Amino acid sequence: MKNVTLNIDFTEYSSLEEMDSQDQEVVKAAIEAQKGSYAPYSTFNVGAAVRLEDGTIVKGANQENAAYPSGLCAERTAMFAAGATYPGVPMTTLAIVGGFDFSLAETPCTPCGGCRQVMAEYQTAGKRPLSVIMYGTKKTWKFGKVDDILPFIFDSFNEK
């Protein structure tokens, strides 16, 4: 038996202005996307935006439904729209914002496990790292690849 330590590297920003212009653009798109959130039950509104390798940005917002769990997270809404509209174009960056009643939380909005797995699959399909930005008004985290937020990605299907 041995103990193993897992280290995760990420960048923490205290303001949007500290980020490079491309990351600022995708975060601003996620903020804009939050306006399309339909969250009458939780009142937690989430927006996401994904940048594709060709520079295109696709937005998504969480969509709730009284027939829970028929709703869908913002991250998956954006990624599925990008995958359906631009098949085969790798995703490079995903930004996520959230807050109650269309506000923006001070701390980063983190994705659920299901969204992390979808990110992992798109990263694998794109054959390149997919960076993830979790925005908060007082601090924002940027991870260089999905593996940093889902270190033991389910990828058994790749062993065929």
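Start with the whole protein chain as a surface: about 8,800 Å² is exposed, and carbon and sulfur atoms supply 53% of that area. Keep in mind that you are looking at a predicted model. While everything is still selected, colour the charges: there are 14 positive and 19 negative side chains, and the centres of the two sets lie 2 Å apart.

Now switch to cartoon. You should find 3 helices and 6 strands, and from the N terminus on they run β-α-β-β-α-β-α-β-β. The radius of gyration is 16 Å, close to the 15 Å that the globule rule gives for 160 residues, so the chain is as compact as a globular protein of that length. If you turn the C-alpha trace along its principal axes, it spans about 45 × 40 × 35 Å. Among contacts with a separation of 6 or more, 66% are between residues 24 or more positions apart.

Time to go inside, where buried residues make up 41% of the 160 in the chain. Select L94, I96, M119 and V146: these have the most contacts inside the largest nonpolar core, a set of 25 residues. To see where that core comes from, add strand 2 (44-52), helix 2 (74-85), strand 4 (91-100), helix 3 (113-126) and strand 5 (131-134), each of which supplies at least two of its residues.

Zoom in on I96. Which residues does I96 touch, leaving aside its neighbours within four places in sequence? The partners are V46, G47, E75, C109, P111, M119, V132, I133, M134 and Y135.

Next, select V27, A30, A49 and V97. These belong to a second, separate core, which has 12 residues.

Then come a few backbone stops. Pick Y68 and P69 and look at the bond between them: this peptide is cis, with omega at about 15°. P69 sits in the loop between strand 3 (57-61) and helix 2.

Move to T43, in the loop between helix 1 (21-33) and strand 2. T43 isn't a glycine, yet its phi is positive, near 55°. Is T43 exposed, partly exposed or buried? With a relative accessible area of 29%, T43 is partly exposed.

Last stop: D101, in the loop between strand 4 and helix 3. Here is another non-glycine residue with a positive phi, about 50°. D101 has a relative accessible area of 56%, so it counts as exposed.

How values were computed:
Residues numbered from 1 in each chain as written. Predicted model: local features only at pLDDT ≥ 70, side-chain atom pairs only at ≥ 80, totals over all residues. Heavy atoms only, no water. Core = buried A, V, L, I, M, F, W, Y, C linked by side-chain atoms within 4.5 Å. Buried < 20%, exposed > 50% of the residue type's maximum accessible area, 1.4 Å probe, protein only. Helix = DSSP H or I, 4+ residues; strand = E, 2+ residues; numbered from the N terminus. Contact = heavy atoms within 4.5 Å. Rg over C-alpha atoms; globule rule 2.2 N^0.38 Å. Areas by Shrake-Rupley, 256 points an atom, 1.4 Å probe, with all protein chains shown as cover. Lys, Arg positive; Asp, Glu negative; His and termini not counted. Charge placed at Lys NZ, Arg CZ, Asp CG, Glu CD.
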